[in-house]
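Work through the exercises below with the sequence and the 3D structure at hand. Try each task before reading its solution.

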Amino acid sequence: MIIPPLAAHGHLAVTEPELVEWGERFGRAVTPPLLVTLTGELGAGKTTLVRAICRGYGVQDDVTSPTFTLVHEYAATRSPVYHIDLYRVAGPADLTNLGWDEILNDEALVMVEWPERAGGRVPREHVPINLQHLPDDPGRRLLYAGGHV
């Protein structure tokens, strides 16, 4: 599991370019199957981080937010990549119609924004990432990665 370098407790205050750089390194380092969950308030940088992870993983397509379609699938040389946004999902029962179980059983990199809406259907084995605004520094985000969330 990759934890931000030099982070004392698994977190690091980062600018957007630093967040993108970290995401690209993370994307280059991971191997499928892998589930990554991303939490944080609106505008915290979740989709920016997903774009960077995808770029590092080898996705050539333009990565966009699946807020309205809920799931985007991208091709990469190592495996498919699924980007899921559960913001508009009412709860765990709605996941069946998204193909949740099939996606999680695929040999893929799966990144889920708003995973708390999936309730108990998020497998125990996943990499949690949390992004938070820094109230006193709007140009930076606090990045928590791995088991420290």
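The exercises cover a helix, a strand pair and some backbone angles.

Residues are numbered from 1 along each chain as its sequence is written. The model is predicted, so local features need pLDDT of at least 70 and side-chain atom pairs pLDDT 80 or more, while totals for chains, interfaces and linings use all residues; side-chain values use heavy atoms, without hydrogens and water.

**Exercise 1. The helix α1**

Task: Compare the span of α1 with the expected one, and state which of its residues are buried.

Solution:
1. Helices (H or I, at least four residues) and strands (E, at least two) are DSSP runs, numbered from the N terminus.
2. The expected span is 1.5 Å times one less than the number of residues. For the 14 residues of α1 this gives 20 Å, and the end C-alpha atoms are 20 Å apart, which agrees.
3. Buried means under 20% relative accessible area, exposed over 50%, and partly exposed in between (1.4 Å probe, protein chains only). In α1 the buried residues are Leu19, Val20, Trp22, Gly23, Phe26 and Gly27.
4. Viewed down the axis of α1, these buried residues fall within an arc of 165°, so they line one face of the helix. The arc is that of the directions from the helix axis to the C-beta atoms.
5. Exposed Pro17 and Arg28 are on the face of α1 turned away from the buried side.

**Exercise 2. The strands β3 and β4**

Task: Describe how β3 pairs with β4 and sort the residues of β3 by face.

Solution:
1. Two strands pair if DSSP finds at least two bridges between them. β3 and β4 (residues 81–85) pair in the antiparallel sense over 4 bridges.
2. Glu73 has Tyr82 of β4 as its bridge partner.
3. The connection from β3 to β4 is a hairpin through 6 residues.
4. In a regular strand the side chains alternate between the two faces of the sheet. His72 and Tyr74 form the covered face of β3, and Val71 and Glu73 the uncovered one.

**Exercise 3. Backbone angles**

Task: Which peptide bond is cis, and what is the phi of Leu70 and of Trp114?

Solution:
1. Most residues other than glycine have a negative phi, and most peptide bonds are trans.
2. The bond from Pro32 to Pro33 is cis, with omega near -5°. Pro33 is in the loop between α1 (16–29) and β2 (34–39).
3. Leu70, not a glycine, has a positive phi of about 75°. Leu70 is in the loop between α2 (46–57) and β3 (71–74) and is buried, with a relative accessible area of 17%.
4. Trp114, not a glycine, has a positive phi of about 60°. Trp114 is in the loop between β5 (109–113) and β6 (127–133) and is buried, with a relative accessible area of 11%.
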